[in-house]
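Me: I would be grateful for a close look at a single part of this structure, namely one place where two helices pack together. Please also indicate how far the coordinates may be trusted.

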Amino acid sequence: MLLPRAPECSQHIVYIMDTTITIRRLPPETSGKIAAGEIIERPANVVKELLENALDAAAARVTINIEDGGRTLIQVCDDGTGIPAAELPLAAENYSTSKIADISDLERITTLGFRGEALASIRSVSRLTIRSREASEKVGREIHWREGVIAADAPAVMNSGTIVTVAELFYNLPARRKFLAGDASEIRRISSLVQSYGLAYPHVSMTLFHRGKEALAYPSCSFAERVEMVFGSSVFPNLRYFESSDAGMRV
């Protein structure tokens, strides 16, 4: 497994998973209506999908490690509910998700993702490793996918949560890899993404490392404190709080 030079991702048992929610393959009549043909175009797309999965898993702490702008390594660690060992092989299969069961669930979506396409798309363009442990289980599980299929599968001793490692992004698509922007440009996109989710989830601690150096660090805090962290102390005093709601929508 390719490890980052950044500090190891800390793991904390915070939430207990609702064991009635399981990863399942969606029936064709459902997957056919929601399929988006998920396309991973650059490292920021990978970070977005993995960060959303961590937030959907009720993570209180998320650590993101990036190497070479995301080309050689993207690793997202969370202390969320984790994936039950028996379900981990399904996690990277198309249209396999724990977030909906049938088409009627689309009327009450409460998660950031639900199609079950992202990990499968990432698996197809990288060397993917997922290590996870669900809170009620004593031992976790680690699976490596190579060339789109499972290459290694073993128990993993870890705290509850999930670590997803995406190595050698676009190794099998040299043309797409060639036309990625420089490291500085790719890390700017990733930083902007983390800032946006940081504003939406101020109670979640988020840390971003690039080449072993801390690029962003947002501890758990209030919304106002997070806004000041993101926009800076010189801008924050000039901002004004606004809130309104109408016709079931809240701003």
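Reply: The following account treats one helix pair, then a loop residue, and ends with confidence.

The model is predicted, and the part chosen is the pairing of helix α2, residues 43-56, with helix α5, residues 183-200. The axes of these two helices come within 9 Å and cross at roughly 25°. Because angles under 35 degrees count as roughly parallel, α2 and α5 are described as roughly parallel to each other. The crossing of α2 past α5 is right-handed.

On the α2 side, the contact is formed by P43, A44, V47, K48, L51, E52 and L55. Helix α5 contributes E186, R189, I190, L193 and Y197. By character, eight of the residues in this contact are nonpolar and four are charged, while none is polar.

Elsewhere, L173 sits in the loop that joins β8 (161-167) to α4 (174-178). Its relative accessible area is 32%, so L173 is classed as partly exposed. Although L173 and V125 are 48 residues apart along the chain, their C-alpha atoms are separated by 7.2 Å.

As to confidence, the chain has an average pLDDT of 83, and 76% of the residues score at least 70. Residues 1-5 fall below 50, and this stretch has 18 contacts in the model beyond near neighbours in sequence. Residues 29-37 likewise stay under 50, with 19 contacts beyond four places in sequence. Where pLDDT is low, predicted coordinates should not be read in detail.

Conventions: Residues are numbered from 1 along each chain as its sequence is written. This is a predicted model: local features need pLDDT of at least 70, side-chain atom pairs count only at pLDDT 80 or more; totals for chains, interfaces and linings use all residues. Side-chain values use heavy atoms; hydrogens and water are left out. pLDDT is the predictor's confidence in each residue, from 0 to 100. Contact means heavy atoms within 4.5 Å. Axes are lines fitted to C-alpha atoms, for helices over the stretch in contact, and angles run from 0 to 180 degrees between N-to-C directions. Helices (H or I, at least four residues) and strands (E, at least two) are DSSP runs, numbered from the N terminus. Angles under 35 degrees count as roughly parallel, over 145 as roughly antiparallel, 65 to 115 as roughly perpendicular and the rest as oblique. A crossing is left-handed if the near helix is turned anticlockwise from the far one by less than a right angle, and right-handed if clockwise. Ala, Val, Leu, Ile, Met, Phe, Trp, Tyr, Cys and Pro count as nonpolar, Asp, Glu, Lys and Arg as charged, and the others, Gly among them, as polar. Buried means under 20% relative accessible area, exposed over 50%, partly exposed in between (1.4 Å probe, protein chains only).
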